[in-house]
Amino acid sequence: MSDMKNRWIALYVENQIGVLAKVSGLFSGKSYNLQSLTVGTTEDESISRMTICVTSDDITFEQIKKQLNRMVEVIKVIDLTDVPLHMKEILYAKVTGIDAEDKAELFRIAQVFSVDVVDIGNDSILLECKLTSRRNNELIALLKSKYRHISIVRGGAVAIESISTGCR
Amino acid sequence: MDITGRKLFVKALEEEGVDTIFAYPGGTVTDLFDELYKNESIHMVLPRHEQGLIHEAEGYARSSGKVGVCLVTSGPGATNIVTGLADAHYDSIPLVCFTGQVPLALIGNDAFQEVDIVGITRSITKYSVTVRSREELGRIIKMAFYIAKTGRPGPVLIDLPKDIQTALGPSVYPEHVEIRGYKPNSSVHVGQLKRAYKLLRSAKKPLILAGGGVNISHANERLLAFAEKENVPVVTTIMGKGAIPTKHALYVGNCGMHGKYAANKAVSECDVLFSIGTRFNDRITGDLNEFAPKAKIVHIDVDTASISRNVVVDVPVVSDADLALEKLLEWAEPKKTAAWQNQIKIWENENPLAMRRDRGMTPQMIMEHINSSFPGGIYVTDVGQHQMWATQYLELDRGSSLITSGGLGTMGFGFPAAIGAKLAHPDRDVVCISGDGGFQMNMQEMATAVAEGTAVTICILNNYYLGMVRQMQQLFYGKRYASTCLRRRVSCGNGCKGPNGGCPPYVPDFVRFAESYGACGIRVEKEEEIDAAFEEAKKHTDAPTIIEFMIASDEIVLPMVQGGNPMSEMILK
């Protein structure tokens with residue numbers, strides 16, 4: 001489909017047992033293409049906010065929003081797809097089996113990508129990245145092309161609507 | 001003063017006006033039964049299997065519009081109601097089901113008869129929840145009844161741990177609840193409805209498509225008035241059958257897979273399809289690209305998620321059917337549709353619904369005799385060929401109604417649902433129309449019917465086969481009757497192509513089956529015997545009667561549209 005793309009939803013839900021299972025179950029049960037889902041409590045501890053990324057066409061996305069809206073535990077659905085927002089994903093990249101030259105190169109990469117080197121060993125280095133998911137993808141691609149032993153852990157994006165300017 | 005959870009449970013049922021509860025005991029709900037035992041106002045029905053139980057509650061709810069209430073124990077008691085929950089979810093039936101659960105401290109330990117029933121039923125209930133503290137019990141029960149019956153109705157499950165039932169807590173049962181995530185639609189967007197109405201006014205070949213939502217919201221009177229005033233013909237889905245009286249001049253028939261030729265033609269040729277309370281299920285639309293290809297489509301539905309889901313519509317209106325029709329009636333004025341109605345009449349005459357009458361007793365004849373013998377009755381079907389014949393040939397007017405498992409298509413639904421309907425309406429005739437296969441799926445409920453004294457007339461159309469699948473094998477699978485012959489025994493060997501002289505006898509003998517329960521069983525082989533059998537059944541006013549109709553094995557349901565094909569491609573002969 002031509003209108004297949006990544007779309008973003010912020011979801012306010014009751015902070016209760018089973019709600020995450022219910023929301024994620026909707027995506028698996030109806031074969032929606034879930035890219036990432038993060039969840040945490042808000043300033044009101046009885047409410048959690050999820051940031052959800054799905055790949056879908058327009059019609060399916062409308063259906064997803066309606067299905068979410070109709071859940072009793074869902075308080076509010078916000079479509080973030082075309083909203084100016086701040087969005088970051090935390091990612092750790094550990095590169096092992098490297099020599100001094102590789103390390104120096106990794107420090108330069110860290111500088112260019114604006115990520116922190118937070119730990120280091122004789123033959124390894126740990127990067128901590130707070131980038132957009134897309135930028136994280138680019139960093140992973142670069143690391144994969146240069147180094148053989150990398151391990152990645154990433155948290156999925158969290159997003160909040162901007163106050164003034166639109167940046168992602 | 002604080003009271004126990006079990007006391008609050010019964011108090012809640014009383015305040016919700018529950019007069020009947022379908023309940024099967026077990027270890028984790030004995031406290032609740034003990035409390036119900038002391039109660040005078042709530043009638044407890046003891047089914048013989050929890051699947052029968054929940055279909056009985058469905059029949060009770062479907063026929064009365066009241067919330068059906070179920071109580072089962074944890075573990076197997078809970079898993080046995082899963083099919084019924086899915087059935088009620090599909091067909092928007094209000095149920096509140098209480099399942100016992102092991103004590104809070106044991107949850108997660110794989111305790112005896114522990115299952116995660118909330119997890120299992122999450123996608124087939126409107127809401128399901130475990131009560132985790134005694135304090136929230138009252139609010140949760142109130143929520144359950146409110147959620148079950150408002151908006152698009154549906155089943156709600158409350159998982160109730162054993163220790164909550166005995167724990168002390170507040171005696172208050174709230175009068176109403178606020179649920180911040182649940183705001184059922186209670187109004188209609190007048191501007192949007194006006195757009196829909198203008199579209200209807202602009203049509204030369206308008207058609208109203210009424211679904212189950214019309215029956216659920218009791219919009220029948222208003223729909224009839226609207227159709228009459230506008231002079232617009234009406235087709236229905238199976239769940240919508242009876243939306244207007246079936247003998248009304250404006251009623252065309254059911255559309256869909258086994259719909260009437262004229263009804264499907266009308267859908268294919270209309271220029272505005274004014275649909276109310278339908279999900280546009282694939283059994284109605286067939287090939288989506290070819291569905292109502294010439295029409296602008298209006299869709300009125302209380303469930304936003306049902307709109308533009310299967311069929312992309314031109315004017316969506318989120319509203320309860322009755323609410324929308326009330327408004328539409330204010331605007332309605334006569335419309336000239338004579339030419340269009342004539343065209344539909346021509347299609348009706350080209351291919352009327354009718355079976356060959358030269359082969360003995362046909363299902364059509366049985367339905368016609370039900371029409372004449374049980375006017376104003378509640379007709380409850382199981383699932384299969386007999387269900388399609390019932391939806392084709394039963395006449396419904398304002399007094400009568402049809403109860404059927406539409407969305408899930410649950411074999412075994414019919415008989416227990418009929419018991420539930422009769423319990424809700426002891427003064428009305430309740431006729432269960434079933435097949436020999438489906439009846440056997442819950443025939444243990446015969447004991448329930450006898451014990452409750454429910455005088456249901458059970459019509460089993462026996463063709464020795466699981467006919468609906470057999471029909472597909474006959475037409476599309478080279479007559480390879482894999483596992484559809486109910487006479488088949490291990491001695492038959494492989495490669496059977498249908499009945500021959502050496503077929504084993506049928507089991508069970510339904511007449512003797514009825515008699516073994518102390519009930520009346522009648523076998524009918526000729527049309528002439530039908531009325532006498534019905535008269536006999538009516539004499540048994542405090543017990544069920546089984547009438548077994550011996551019909552031809554190879555009778556098929558026509559017309560038929562093969563799954564996924566356009567509705568214009570009907571197999572007629």
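Biologist: Hi! Before we start, what does buried mean here?

Modeller: Hello! A residue is buried when its relative accessible area is under 20%, computed with a 1.4 Å probe on the protein chains only. Keep in mind that this is a predicted model.

Biologist: Good to know. So how much of chain A counts as buried?

Modeller: Of its 168 residues, 43% count as buried. The accessible surface of chain A is about 9,000 Å², and carbon and sulfur atoms hold 51% of that.

Biologist: And what is chain A built from?

Modeller: Chain A has 4 helices and 8 strands. Going along the sequence, the pattern reads β-α-β-β-α-β-β-α-β-β-α-β. The C-alpha trace of chain A spans about 55 × 40 × 35 Å along its principal axes.

Biologist: What share of the contacts in chain A with a separation of 6 or more comes from residues 24 or more positions apart?

Modeller: Those pairs account for 72% of them.

Biologist: Nice. Let's switch to the interface. How many residues of each chain are in contact?

Modeller: On one side there are 21 residues of chain A, and they touch 18 residues of chain B. In chain A, Lys66(A), Arg70(A) and Val72(A) lose the most area to chain B, together giving 39% of what that side buries.

Biologist: What about the area buried between the two chains?

Modeller: About 1,500 Å², with carbon and sulfur atoms giving 48% of it.

Biologist: How many salt bridges and polar contacts are there between chain A and chain B?

Modeller: There are 2 salt bridges between the chains. In one salt bridge, the side chain of Glu14(A) meets that of Arg180(B), at 2.8 Å from N to O. For polar contacts, the count is 7 residue pairs, both residues being at pLDDT 80 or more.

Biologist: Which elements of chain A give two or more residues to that side?

Modeller: Helix 1 (19-29), helix 2 (58-70) and strand 4 (74-79) of chain A do. Helix 2 of chain A gives the largest share, 6 residues. By class, the side of chain A that touches chain B has 8 nonpolar, 6 polar and 7 charged residues.

Biologist: Different topic: is helix 12 of chain B mostly covered or mostly open?

Modeller: Mostly covered: 7 of the 9 residues in helix 12 (residues 261-269) of chain B are buried. Among them are Tyr261(B), Asn264(B) and Val267(B).

Biologist: And what covers those buried residues?

Modeller: The cover includes strand 9 (206-210), strand 10 (234-236), strand 11 (251-254) and strand 12 (272-276) of chain B, along with helix 15 (338-350) of chain B.

Definitions and conventions. Residues numbered from 1 in each chain as written. Chains lettered and ligands numbered in written order. Predicted model: local features only at pLDDT ≥ 70, side-chain atom pairs only at ≥ 80, totals over all residues. Heavy atoms only, no water. Contact = heavy atoms within 4.5 Å. Buried area = accessible area lost by both parts, 1.4 Å probe. Salt bridge = Lys/Arg side-chain N within 4 Å of Asp/Glu carboxyl O. Polar contact = N/O pair within 3.5 Å; in protein donor to acceptor, adjacent residues only side chain to side chain. Nonpolar A, V, L, I, M, F, W, Y, C, P; charged D, E, K, R; others polar. Buried < 20%, exposed > 50% of the residue type's maximum accessible area, 1.4 Å probe, protein only. Areas by Shrake-Rupley, 256 points an atom, 1.4 Å probe, with all protein chains shown as cover.
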